[in-house]
Amino acid sequence: MLVSGCRIGEVVNMKINELQAVKIKDEDGIQHDIWRWNFTGKMDITRTIYIDSETAYQDIKDLITTDKGKIRTDKEYVFHRHFFKSSNPNQNSMGSGFIERIDLPYSQSGVQHKFKKMVMFLGLNKKLTPHSCRRFFIQEKLRETNGDLNLVRLLVGHSSLKMVMYYHKTDQEYNSLIGVRNTLNLGEVKKRNERVV
């Protein structure tokens, strides 16, 4: 979410067939592997996101390929449902253990729950939520584009400029995320279609 600016629902529903591995050349002519993610988001807006973080590229690749490097065909979603369930003595449950469902995407509430646990574990600002990643991304892109509301609106899939304008401010949440992994140089987005090899 932090490197794409996507909504939590868009990320958890990312499908393998929506991704295409492409190579781009940087200013020095060095090729890098990135993901081109074509998907339909909120309000049926079709978007293309370039995930150019080398770490995110590898993380996604590990989730969608077999040990032999082939694209997995046994699942549809990149982030399929898998988690550890601890038994609750107050409920009639089947006990505890690792749950894996490759036929289902990870749930939004599951991401929110894990995010909250990680925020507490790492001692971060307790006001941070998964949506904080999207807000940070929007604010960062507004800074990088000198406030180009329309370009950022298109990038994050907002239907109106008014929605992006809400993020056009500096706040404590933004400052608490500075330095956290965040890539996608908007200055390069316009050039990318010509540089994809």
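How many salt bridges does the count come to?

## Salt bridges in the predicted model

The structure described here is a predicted model, and the count in it comes to seven salt bridges. Three of these pairs are described below, beginning with those that share a residue.

## A network around E10

R7 and E10 form a salt bridge in which the closest N and O atoms are 2.8 Å apart, and E10 also forms a salt bridge with R47, where the closest N and O atoms are 2.9 Å apart. Taken together, R7, E10 and R47 are linked in a network of salt bridges.

Are the members of this network buried or exposed? A residue counts as buried when its relative accessible area is under 20%, and R7, at 15% relative accessibility, therefore counts as buried. E10 counts as buried as well, with a relative accessibility of 8%, and R47 is buried with a relative accessible area of 4%. E10 lies in helix α1, which covers residues 8–12, while R47 lies in strand β3, which covers residues 46–51, so this pair ties together parts that are 37 residues apart in sequence.

## A pair between two strands

Another salt bridge is formed by D33 and K23, whose closest N and O atoms are 2.7 Å apart. D33 belongs to strand β2 (residues 31–40) and K23 to strand β1 (residues 19–25), and the pair, ten residues apart, links distant parts of the chain.

Both partners of this bridge can also be described by their accessibility: D33 is partly exposed, with a relative accessible area of 31%, and K23 is partly exposed, with a relative accessible area of 37%. The term "partly exposed" applies here because these values fall between the limit for buried, under 20%, and the limit for exposed, over 50%.

## How helices α4 and α5 pack

Two packed helices are described by the angle between their axes and by the distance between those axes. For helix α4 (residues 130–144) and helix α5 (residues 149–156), the angle is about 145° and the axes are 9 Å apart. The crossing in which α4 passes α5 is right-handed.

Which residues of the two helices meet? On the side of α4 they are R134, F137, I138, K141 and L142, and on the side of α5 they are L149, V152, L155 and V156. Sorted by character, the residues of this contact divide into seven nonpolar and two charged, with no polar residue among them. The two charged residues are R134 and K141, because Lys and Arg count as charged.

Notes
Residues are numbered from 1 along each chain as its sequence is written. This is a predicted model: local features need pLDDT of at least 70, side-chain atom pairs count only at pLDDT 80 or more; totals for chains, interfaces and linings use all residues. Side-chain values use heavy atoms; hydrogens and water are left out. Axes are lines fitted to C-alpha atoms, for helices over the stretch in contact, and angles run from 0 to 180 degrees between N-to-C directions. Helices (H or I, at least four residues) and strands (E, at least two) are DSSP runs, numbered from the N terminus. A crossing is left-handed if the near helix is turned anticlockwise from the far one by less than a right angle, and right-handed if clockwise. Contact means heavy atoms within 4.5 Å. A salt bridge is a side-chain nitrogen of Lys or Arg within 4 Å of a carboxyl oxygen of Asp or Glu. Buried means under 20% relative accessible area, exposed over 50%, partly exposed in between (1.4 Å probe, protein chains only).
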